[in-house]
Every structure is written in C-alpha cells, then in structure tokens.
Amino acid sequence: MSSETRIPNATIERIALYVRPLERLLREGVEVVSSRKVALLCRVRSAQVRKDLSFFGEFGVRGVGYSVRDLVRETRRILGTDREWRLAIVGLGNMGTAMAQDLNSAKQCYRLVAAFDTDPEKVGKTVLPGLTIEPASEITRRTQEEGVHIGVIAVPASQAQVVADRLFQAGVKAILNFSPIQVREPECCHVENVDFSVSLDNLAYHLGRKTKP
C-alpha cells in the first residue's frame, strides 16, 4: 500500500477546501500566506492546515509562510485538478439541470460533454450551448465515444444502480451519486454518494440539542 492510499479522506476534503481561498488570494495579487491565514479563511486550526499539507511534502518556510502561487499549483496537482476531466450527467430534472449549469461555470478542469435522460420530452433539448440531452439508452456508447471520466447521477433511487452499471460498463471509473441510495461499485472504481437526507438528519441532531422539545 502506498503512502497516498493511507491519507485520510477528510484530509483530501480539506485540501479541496483550502484551494478556493488560495485561488482568490492569487487573483488579488497576494504573494505569501501563513497557515494561520488559511486556517482563518477555512475555519480550521492552523495546526490542521500544516498537518494536511505535510502529507504531500514541505511547501512553506518556517516564520515566512507559503508562496500562494506555489501552493495553488501544488494543491491542484494533489487533487488532480491540474488536468481536464470529462463528465456526463444522467437525469436532467431540476437538480440535474442546475448541476449541469453549475458545472458549466465551474473550474475549467471539469468539462461536461454528455447529458442523458429517460424522458422523451427532454431528449433533444439543449441543456447548455452545444450540449443536447440524449436518450438514456445511449449512455454506454456515448460515454465511451466521449471518453468520460466522471459520471454524475441525478435519477430516482430505483434507476440509480442500473445507470451506475451502464457507466461502469462504459469504462467510467468515478461517479458522483445524488440518488438516495448507496450504489454498488467495482473495486476499480470510486463512488461518492451525496445523500441529502443524511445531511438533514445531521442538522436535526444539532438543532435538537439546541432547542427544547
């Protein structure tokens, strides 16, 4: 097992969190930033920032801080966002359409190249300039043709596993799943399940501790 495989997933999530304010500082012309400043911007401890970055090497100078430009470059390299990833989205309801539009305005490393839906009234409609919704029956063929790396699933729970299997069969190695079930995945692939009900339960727990019955 490589050292990278032992890195906690929470560390990767925080690295992604650090990138946003670092990119903003870079645009503002800031040249050097301290771990304390990064921590304040991301609402974590400065010791946590230093620990997270130490998994990947030594980037800063003690008593001076980090070069913003170098740190942005290295965090992008760590996350793999220094290259282009081609995405396909399945399910163009309200949420799927909103995600497609959000992806269109997101980082340039993510490029939405295919969109699918089972609703014949949606098929053929333009979801983004130059991108039309295709029938779900074309998922396997079209994702292979487009060389899709990441699939985004925004379909009802009853359809999620079928869609995931089609994407896996097409060679897609990573899936972001917004359906309210945990889809099964081959060992060669990775799935991130985003379950809104779990987040709501978490909010209810914290709200309940602060609110009298």
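Ser35 belongs to helix 2, which covers residues 35–42. In this predicted model, the residue has a relative accessibility of 10%, and because the cut-off for burial is under 20%, Ser35 counts as buried. Its surroundings can be described through its contacts. Setting aside residues up to four places away in sequence, Ser35 touches Ser46, Val49, Arg50 and Tyr66. One of these partners, Ser46, sits 11 residues from Ser35 in sequence, and the two C-alpha atoms are 5.3 Å apart in space.

A second serine, Ser179, offers a view of another part of the chain. Ser179 is found in a loop, the one that links strand 8 (174–177) to strand 9 (190–193). Is Ser179 buried or exposed? Its relative accessible area is 2%, so with burial set at under 20% this loop residue is buried. The side chain of Ser179 also makes a polar contact, reaching the backbone oxygen of Val155 at 2.5 Å. Val155 appears again in the list of residues that Ser179 contacts once neighbours within four places in sequence are left aside; the others there are Ile153, Pro156, Ala157 and Ala160.

These two sites can be placed within the chain as a whole. The chain contains 8 helices and 9 strands, and its C-alpha trace spans about 60 × 50 × 40 Å along the principal axes. Of the 213 residues, 37% are buried, and both Ser35 and Ser179 fall in that class. How much of the contact network joins residues at least 24 apart in sequence? Counting contacts between residues at least 6 apart, the share is 54%.

Turning to the surface, the chain exposes about 13,100 Å², and 51% of this area comes from carbon and sulfur atoms. As for charge, the chain carries 30 positive and 25 negative charges, and the mean positions of the two sets lie 8 Å apart.

Finally, a word on confidence, for anyone wishing to take the coordinates further. The mean pLDDT of the chain is 89, and 93% of the residues score at least 70. Where does pLDDT stay under 50? That stretch is residues 1–5, for which the model shows 1 contact beyond four places in sequence.

Technical notes. Residues are numbered from 1 along each chain as its sequence is written. This is a predicted model: local features need pLDDT of at least 70, side-chain atom pairs count only at pLDDT 80 or more; totals for chains, interfaces and linings use all residues. Side-chain values use heavy atoms; hydrogens and water are left out. Helices (H or I, at least four residues) and strands (E, at least two) are DSSP runs, numbered from the N terminus. Buried means under 20% relative accessible area, exposed over 50%, partly exposed in between (1.4 Å probe, protein chains only). Contact means heavy atoms within 4.5 Å. Accessible areas come from the Shrake-Rupley method with a 1.4 Å probe; for residues, only the protein chains shown count as cover. Lys and Arg count as positive and Asp and Glu as negative; His and the chain ends are not counted. The place of a charge is taken as NZ of Lys, CZ of Arg, CG of Asp or CD of Glu. A polar contact is a pair of N or O atoms within 3.5 Å; within protein, one must be able to donate a hydrogen and the other to accept it, and residues adjacent in sequence count only if both atoms are side-chain atoms. pLDDT is the predictor's confidence in each residue, from 0 to 100.
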